[in-house]
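Let's take a friendly walk through the inside of this protein, from its packing to its empty space and its charged pairs. Please have the viewer open as you read.

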Amino acid sequence: MTSVRFSRLVQAALIYAILLITAFAVLVPIFWIVMSSLNPGKTLLSTTFFPDRLSLEHYEYLFTKTDFPRWFRNTLKVATGNMLLSTFLVITSAYAFSRFRFPGRRSGLLAMLILQMFPGFMGMVAIYVLLLHVGLLDTLWGLILVYAGGAVPYGTWLAKGYLDGIPRSIEEAAFLDGASHTQVFFHVTLPLTFPILTFVALTNFIGPWMDFILARIVLRSTANKTLALGLFEMVTGRGNTEFTTFAAGAVIIALPITLLSFFLQRFLIEGLTAGANKT
């Protein structure tokens with residue numbers, strides 16, 4: 001009995017030790033980047049873990065001496081546009097694959113599954129040439145379309161799994177009452193998919209805030225720069241060493257994502273687990 005109790009204590013101690021190490025590994029970089037944004041000076045050499053004096057000069061510099069507000073506005077447009085368009089495409093395609101039987105359905109699902117196995121940057125040259133020919137290169141709309149198209153395969157599989165778990169008898173009851181497919185979709189099925197819709201919308205909103213590669217390929221002009229492009233230029237090149245200003249920008253970028261994730265975390269977890277488990 002004593003050995004069993006000792007074994008449980010050791011197991012609990014190991015679990016708490018792993019949790020503490022994980023929390024430490026996650027929180028230290030966040031604390032360091034926040035302290036760097038409040039630390040006077042521009043270089044990493046002048047940055048200390050616990051600064052002697054806290055200052056908001058980097059935040060003021062971002063909003064008054066740089067194009068940060070424009071970068072933020074462009075990124076917000078791209079993130080919001082991608083969230084709305086990709087969520088609409090994902091839920092409609094998932095509904096079609098889940099509820100209808102048509103020629104090419106199985107091949108389409110298999111093609112989407114295979115497409116997820118290839119990294120997105122493999123198609124960069126094709127994306128560049130395509131956007132150039134349709135006149136959408138160096139436009140925010142072009143970037144939104146690229147993000148939305150890339151979100152469909154994974155999102156469709158995820159949402160389809162969730163939709164497969166919703167009993168069809170609910171929709172059949174609505175059909176018996178005289179409802180059309182459109183009415184059933186918008187008034188019966190869509191409200192039941194709120195958790196997975198929230199997850200898809202949030203992930204597609206967060207993506208453009210952190211993506212650099214696709215934005216670098218599509219956007220060329222200064223007026224269309226996003227946050228990732230603008231901040232990256234602060235710390236690249238011999239003359240650009242504004243690391244503490246970069247840290248202030250990173251903190252501001254993290255705020256909307258953190259607030260959204262905190263507010264929607266229940267739906268986020270529920271949508272992810274339900275979509276992953278139900279078939």
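Leucine 62 is in contact with Phe68, Pro69, Met234, Thr245, Ala248, Gly249 and Ile252, once its neighbours within four places in sequence are left aside. The model is a predicted one, and this leucine is a good place to start reading it. Leu62 is among the residues with the most contacts inside the largest nonpolar core, along with Tyr59, Phe68, Trp71, Trp209, Leu227 and Leu231. That core has 21 residues. Two or more of them come from each of α2 (57-65), α3, α9, α11 (227-234) and α12 (243-263). Helix α12 gives the largest share, five residues.

A second core, separate from this one, has 16 residues, including Val90, Leu158, Ala159 and Ile166.

Now for the empty space. How many cavities of 30 Å³ or more does a search of the whole structure find? There is one, and its volume is about 30 Å³. Its lining is made up of Thr87, Val90, Ile91, Ala159, Ile196, Leu197 and Val200. Helices α3 (68-99) and α9 (194-210) are the elements that each give two or more residues to this lining. By class, six of the lining residues are nonpolar and one is polar, with no charged residues. Two names return here: Val90 and Ala159 line the cavity and also belong to the second core.

On to the charges. The structure holds three salt bridges, set out below.

| Acidic residue | Basic residue | Closest N to O distance |
|---|---|---|
| Glutamate 171 | Arginine 99 | 2.9 Å |
| Aspartate 164 | Lysine 160 | 2.7 Å |
| Glutamate 233 | Lysine 225 | 2.5 Å |

The pair of glutamate 171 and arginine 99 links distant parts of the chain: the glutamate is in helix α7 (residues 168-176) and the arginine in helix α3, 72 residues apart. Are these two buried or exposed? Glutamate 171 counts as buried because its relative accessibility is 5%, and arginine 99, at 10%, counts as buried too.

Aspartate 164 and lysine 160 sit within one helix, α6 (residues 140-164), four residues apart, or about one turn. Here aspartate 164 is partly exposed at 26% relative accessibility, whereas lysine 160 is buried at 10%.

In the remaining bridge, glutamate 233 has a relative accessible area of 34%, so it is partly exposed. Its partner, lysine 225, is buried, with a relative accessible area of 14%.

Notes: Residues are numbered from 1 along each chain as its sequence is written. This is a predicted model: local features need pLDDT of at least 70, side-chain atom pairs count only at pLDDT 80 or more; totals for chains, interfaces and linings use all residues. Side-chain values use heavy atoms; hydrogens and water are left out. On a 1 Å grid over the protein atoms alone, a cavity is a set of points where a 1.4 Å probe fits but cannot get out, and a pocket is an open set with protein on both sides within 12 Å along at least five of seven lines; lining residues have an atom within 4 Å of a point. Grid points are joined across faces, edges and corners, and a volume is the space filled by probe spheres set on the points. Ala, Val, Leu, Ile, Met, Phe, Trp, Tyr, Cys and Pro count as nonpolar, Asp, Glu, Lys and Arg as charged, and the others, Gly among them, as polar. A nonpolar core is a set of buried Ala, Val, Leu, Ile, Met, Phe, Trp, Tyr and Cys residues joined through side-chain atoms within 4.5 Å. Buried means under 20% relative accessible area, exposed over 50%, partly exposed in between (1.4 Å probe, protein chains only). Contact means heavy atoms within 4.5 Å. A salt bridge is a side-chain nitrogen of Lys or Arg within 4 Å of a carboxyl oxygen of Asp or Glu.
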